[in-house]
Amino acid sequence: VQPNNYSTFYDDQRQNWSIMFESEKAAVDFSKQVCIAKCNSSPALDSVLCQDLLLGEGQGVEGGDSLEIAYTGWLFQNNGLGQVFDSNVNKDKLLRLKLGSGKVIKGWEEGMLGMKKGGRRFLIIPPAWAYGAQGVAGRVPADSTLVFEVEVRRVKLAKECSGSDGLSVSSRDSPAPSPVPSSDGFSSD
C-alpha cells in the first residue's frame, strides 16, 4: 500500500507492478481481498497474516508503546469475512493497550508491530494466536480463525512515558467478552 491510492507488488519473477485505484475505499477493499486470498491459498495458517490498508505517519510502534485503537473483528467463515463479533468503531471510547504487555491476544501483539499513527491494518489470526480451543462463550466458537481491521488513533511511545501514575483507564463500556481486557494500568495523557 502506497499513499494516494496506490498499491505496489512484485510477481514470481521479482518484477515490480503498481496499481492506482479510483478511491481510497477501492484500494482498501482490494488490499483486504489480497490478504483473504493469501489466507485461502496457504495450506495451513500458522502465523498472523497482516496487510496494511493505510500506512499512517511517524515512527512504527514497538513493544512497550501505548496505543489507542479502533477495531472491528469478524469470524473467518466460508473462506471470507463472516459475522462481526466485536467492534468499538461506533462507540465513544477507543481501546487502550500497551503493546507487549500480554493483555490482548497474541495475534494482536504480533500483527500490530510497526504500525504508525493513523495507520490501518487488516489481520487474519489463526486459532492458536487467538482464543484457541476454548473460544469465547457465545461469541467466538472454538478453534476460530479471526479477522480484524485495526486503526491506530493515538500513540504514546514507551520512550516518552515518564512512569505510570497508577490510574486504571477503562477501555470498554460493554461487559461482553472482548479480545482485550476491560482496563489497562497505563497512565492517562
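From the N terminus, the elements of the protein follow the order β-β-α-β-β-β-β-α-β-β-β-β, which amounts to two helices and 10 strands. Helices (H or I, at least four residues) and strands (E, at least two) are DSSP runs, numbered from the N terminus. The model is predicted: local features need pLDDT of at least 70, side-chain atom pairs count only at pLDDT 80 or more, and totals for chains, interfaces and linings use all residues. Residues are numbered from 1 along each chain as its sequence is written, and side-chain values use heavy atoms, with hydrogens and water left out.

## Overall features

The protein has 189 residues, of which 42% count as buried. Here buried means under 20% relative accessible area, exposed over 50%, and partly exposed in between (1.4 Å probe, protein chains only). The accessible surface of the protein is about 10200 Å², and carbon and sulfur atoms hold 48% of that surface. Accessible areas come from the Shrake-Rupley method with a 1.4 Å probe; for residues, only the protein chains shown count as cover. Among the contacts in the protein with a separation of 6 or more, 63% are between residues 24 or more positions apart. A contact means heavy atoms within 4.5 Å.

## Buried charged residues

Three residues, Arg121, Glu149 and Arg139, are treated here with their polar contacts. A polar contact is a pair of N or O atoms within 3.5 Å; within protein, one must be able to donate a hydrogen and the other to accept it, and residues adjacent in sequence count only if both atoms are side-chain atoms.

| Side chain | Partner | Distance |
|---|---|---|
| Arg121 | side chain of Asp52 | 2.8 Å |
| Arg121 | backbone oxygen of Leu113 | 2.9 Å |
| Glu149 | side chain of Arg120 | 2.7 Å |
| Arg139 | side chain of Asp86 | 3.4 Å |

Arg121 belongs to strand β7. Its relative accessible area is 10%, so Arg121 is buried. Beyond its neighbours within four places in sequence, Arg121 is in contact with residues including Cys50, Gln51, Asp52, Leu53, Leu113, Phe148, Glu149 and Val150.

Glu149 is located in strand β8. Glu149 counts as buried because its relative accessible area is 14%. When neighbours within four places in sequence are set aside, the contacts of Glu149 are Lys32, Leu53, Ala70, Tyr71, Thr72, Trp74, Arg120, Arg121 and Phe122. Glu149 thus touches Arg121 and also forms a polar contact of 2.7 Å with the side chain of Arg120.

Arg139, by position, is a loop residue between β7 (120-125) and β8 (146-156). With 18% relative accessibility, Arg139 is nevertheless counted as buried. Its C-alpha lies 9.3 Å from that of Leu75, although 64 residues separate Arg139 and Leu75 in sequence.

## Exposed asparagines in loops

Asn78 and Asn79 both lie in the loop between β4 and β5. Asn78 has a phi near 50°, a positive value in a residue other than glycine, and phi of Asn79 is likewise positive at about 60°, although Asn79 is not a glycine. Asn78 counts as exposed because its relative accessibility is 78%; for Asn79, a relative accessible area of 54% also means exposed.

Asn90 is placed in the loop between β5 (80-87) and β6 (95-98). At 76% relative accessibility, Asn90 is exposed. The C-alpha atoms of Asn90 and Tyr71 are 9.7 Å apart, and the two residues are 19 positions apart along the chain.

## The largest pocket

Rolling a probe the size of a water molecule over the atoms shows where empty space is left. On a 1 Å grid over the protein atoms alone, a pocket is an open set of points where a 1.4 Å probe fits, with protein on both sides within 12 Å along at least five of seven lines; lining residues have an atom within 4 Å of a point. Grid points are joined across faces, edges and corners, and a volume is the space filled by probe spheres set on the points.

The largest pocket holds about 160 Å³ of space. It is lined by 13 residues, and those closest to its centre are Gln2, Pro3, Asn4, Asn5 and Leu54. Both α1 (24-41) and β3 (49-54) give at least two residues to this lining, and α1 provides the largest share, three residues. By class, the lining comprises eight nonpolar, four polar and one charged residues. In this classification, Ala, Val, Leu, Ile, Met, Phe, Trp, Tyr, Cys and Pro count as nonpolar, Asp, Glu, Lys and Arg as charged, and the others, Gly among them, as polar.
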